[in-house]
Amino acid sequence: MSDAFLQLTINQYVPPFVRSNQLKTTILKSLFFVAMVTGLSATAQAEQQLLRDQHVISDQTLSGPAYVQEYKAITEVLNKYIEGCKQAKSSIMKPAFSKNATMFSVGDDGKLVGGPIQGLFNGIDKDFRPSLDAQAAITRIEIVGSAASARIDANDMSGISFTDFFHLLKVEGKWTVVSKIFYTHPNQ
């Protein structure tokens with residue numbers, strides 16, 4: 001701000017009997033604070049409007065009955081995986097996965113491990129045991145057009161607790177898992 005502007009502001013709004021330098025400084029600081037707060041409030045309102053606008057855009061992508069249908073279809077796919085884990089039978093979960101799907105995690109040594117989804121099927125058939133009382137929940141599904149992501153948390157599935165993240169695509173009218181990454185929780 002220029003000195004002339006400040007002097008004009010002071011002369012306009014501050015009575016002559018309170019024009020001491022200390023009071024001038026206090027008043028100017030107060031005016032600056034009010035201007036700053038007003039600006040921050042406007043910024044917050046603009047951010048809220050932007051979030052509302054983004055929400056509207058995503059709602060327009062997939063909403064209403066179409067969203068419910070797609071959500072149910074994805075849930076059916078993921079439930080095949082859960083049931084295959086519980087029964088320790090890869091044949092139950094195989095239809096949920098693309099033949100080109102992959103599975104990755106981080107090993108105990110901190111390095112990337114995984115590869116083709118056949119590794120999951122081999123592990124289920126060889127290393128898992130039936131765990132019909134195991135708990136598993138689909139905790140999140142996000143859908144945009146023909147792409148989706150999902151999260152499953154499982155406890156005591158063949159003695160293991162883990163979190164899975166899936167990417168799904170709607171290919172030729174059917175949802176299929178194209179990738180799975182996971183984290184195995186330490187035994188407690």
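**Exercise 1.** In this predicted model, determine which residues Y81 contacts, leaving aside its neighbours within four places in sequence.

*Solution.* Step 1: with those neighbours set aside, the contacts of Y81 are M93, F97, L120, I152, F162, D164, F166 and K180.
Step 2: place Y81 in the core. The largest nonpolar core comprises 30 residues, and Y81 is listed with L78, F97, L120 and L168 as having the most contacts inside it.
Step 3: identify the contributing elements. At least two core residues each come from α3 (64-87), β1 (97-106), α5 (118-127), β3 (135-144), β4 (147-157), β5 (160-171) and β6 (174-184). The largest share, six residues, is supplied by α3.

**Exercise 2.** Establish which residues stand opposite F166 in the neighbouring strands β4 and β6.

*Solution.* Step 1: β4 and β5 are paired antiparallel through nine bridges, and A150 is the residue opposite F166 of β5.
Step 2: β5 and β6 also run antiparallel, joined by ten bridges; here F166 has K180 as its bridge partner in β6.
Step 3: examine the turns. The hairpin of β4 and β5 has two residues between the strands, and S158 in its turn shows a positive phi of about 55°. Two residues likewise separate β5 from β6 in their hairpin, where E172 in the turn has a positive phi of about 50°.

**Exercise 3.** Decide whether S131 is buried or exposed, and list its contacts beyond four places in sequence.

*Solution.* Step 1: S131 is located in the loop between α5 and β3.
Step 2: the relative accessibility of S131 is 11%; buried means under 20%, so S131 counts as buried.
Step 3: outside its sequence neighbours within four places, S131 contacts K86, D156, M157 and S158. Of these, S158 belongs to the turn of the β4 and β5 hairpin.

Technical notes. Residues numbered from 1 in each chain as written. Predicted model: local features only at pLDDT ≥ 70, side-chain atom pairs only at ≥ 80, totals over all residues. Heavy atoms only, no water. Core = buried A, V, L, I, M, F, W, Y, C linked by side-chain atoms within 4.5 Å. Buried < 20%, exposed > 50% of the residue type's maximum accessible area, 1.4 Å probe, protein only. Helix = DSSP H or I, 4+ residues; strand = E, 2+ residues; numbered from the N terminus. Contact = heavy atoms within 4.5 Å. Pairing = 2+ DSSP bridges.
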